[in-house]
Amino acid sequence: LRENGILGNNPQSAQLEAALEAARSAVAKEKLGRSEMEQQHQVDLARLNDELRASRLEVGRLLAQEAMRARGETEQAASNELANKEQELQLARGKLMSMQLELQTAERDGERLQERLARVEQDRGEVG
């Protein structure tokens, strides 16, 4: 500004230079403040990204844990169902064996009745 003749060697020029220097200092402080704010924003953004990653990992872990729990419940239910079916099969086998014994008893009774009938008919034939 001195070169252009705007500032000279008078008291007003000194005041103008001081005001100009104060303005430059204020601009520098503002730039520094913005830079610090931007740095703080970057730090905050990095922290938030880390928290987001951690949250996603936790959600993934919880989902996997829930899937394993559900799979375990399904496997337990299938195991219980299999045990029930095995019990039903044992009961059915028991009933079958009981029915086979009844059938054998009925067959023997039938054979005895056939033998008695044959004897009765033979006795009738001899009497008659």
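Ten is the number to start with: 10 salt bridges are counted in this structure, which is a predicted model. A salt bridge here pairs a side-chain nitrogen of Lys or Arg with a carboxyl oxygen of Asp or Glu within 4 Å. Three of these pairs are described below, after a look at the chain that carries them.

The overall fold is quickly told. The protein chain has 1 helix and 0 strands. Helix α1 covers residues 11-127, and the chain itself counts 128 residues. Buried residues make up 2% of those 128 residues. The accessible surface of the chain amounts to about 11,700 Å², and carbon and sulfur atoms account for 56% of that surface.

A helpful pair to begin with is Glu21 and Arg24. Their side chains form a salt bridge in which the closest N and O atoms are 3.7 Å apart, a distance that falls within the 4 Å cut-off. The two residues sit 3 residues apart in helix α1, so about one helical turn separates them. How open to the surroundings are these partners? Glu21 has a relative accessibility of 46% and counts as partly exposed, whereas Arg24, at 52%, counts as exposed. The labels differ because exposed means over 50% relative accessible area, while partly exposed covers values from there down to the buried limit of 20%.

Further along the numbering comes the pair Glu30 and Arg34. Here the closest N and O atoms of the salt bridge lie 3.2 Å apart. Both residues belong to helix α1, and their spacing of 4 residues is about one turn of the helix. Glu30 is partly exposed at 43% relative accessibility, and Arg34 is likewise partly exposed, with a relative accessible area of 49%.

The pair of Arg69 and Glu66 brings in a further partner. The side chains of Arg69 and Glu66 meet in a salt bridge with an N to O distance of 2.3 Å. Both residues lie in helix α1, 3 residues apart, which is about one turn. Arg69 is partly exposed, with a relative accessible area of 40%, and Glu66 is partly exposed as well, at 38%. Which residues are joined into one network by salt bridges that share partners? The members are Glu66, Arg69 and Glu73.

Technical notes:
Residues are numbered from 1 along each chain as its sequence is written. This is a predicted model: local features need pLDDT of at least 70, side-chain atom pairs count only at pLDDT 80 or more; totals for chains, interfaces and linings use all residues. Side-chain values use heavy atoms; hydrogens and water are left out. Buried means under 20% relative accessible area, exposed over 50%, partly exposed in between (1.4 Å probe, protein chains only). Accessible areas come from the Shrake-Rupley method with a 1.4 Å probe; for residues, only the protein chains shown count as cover.
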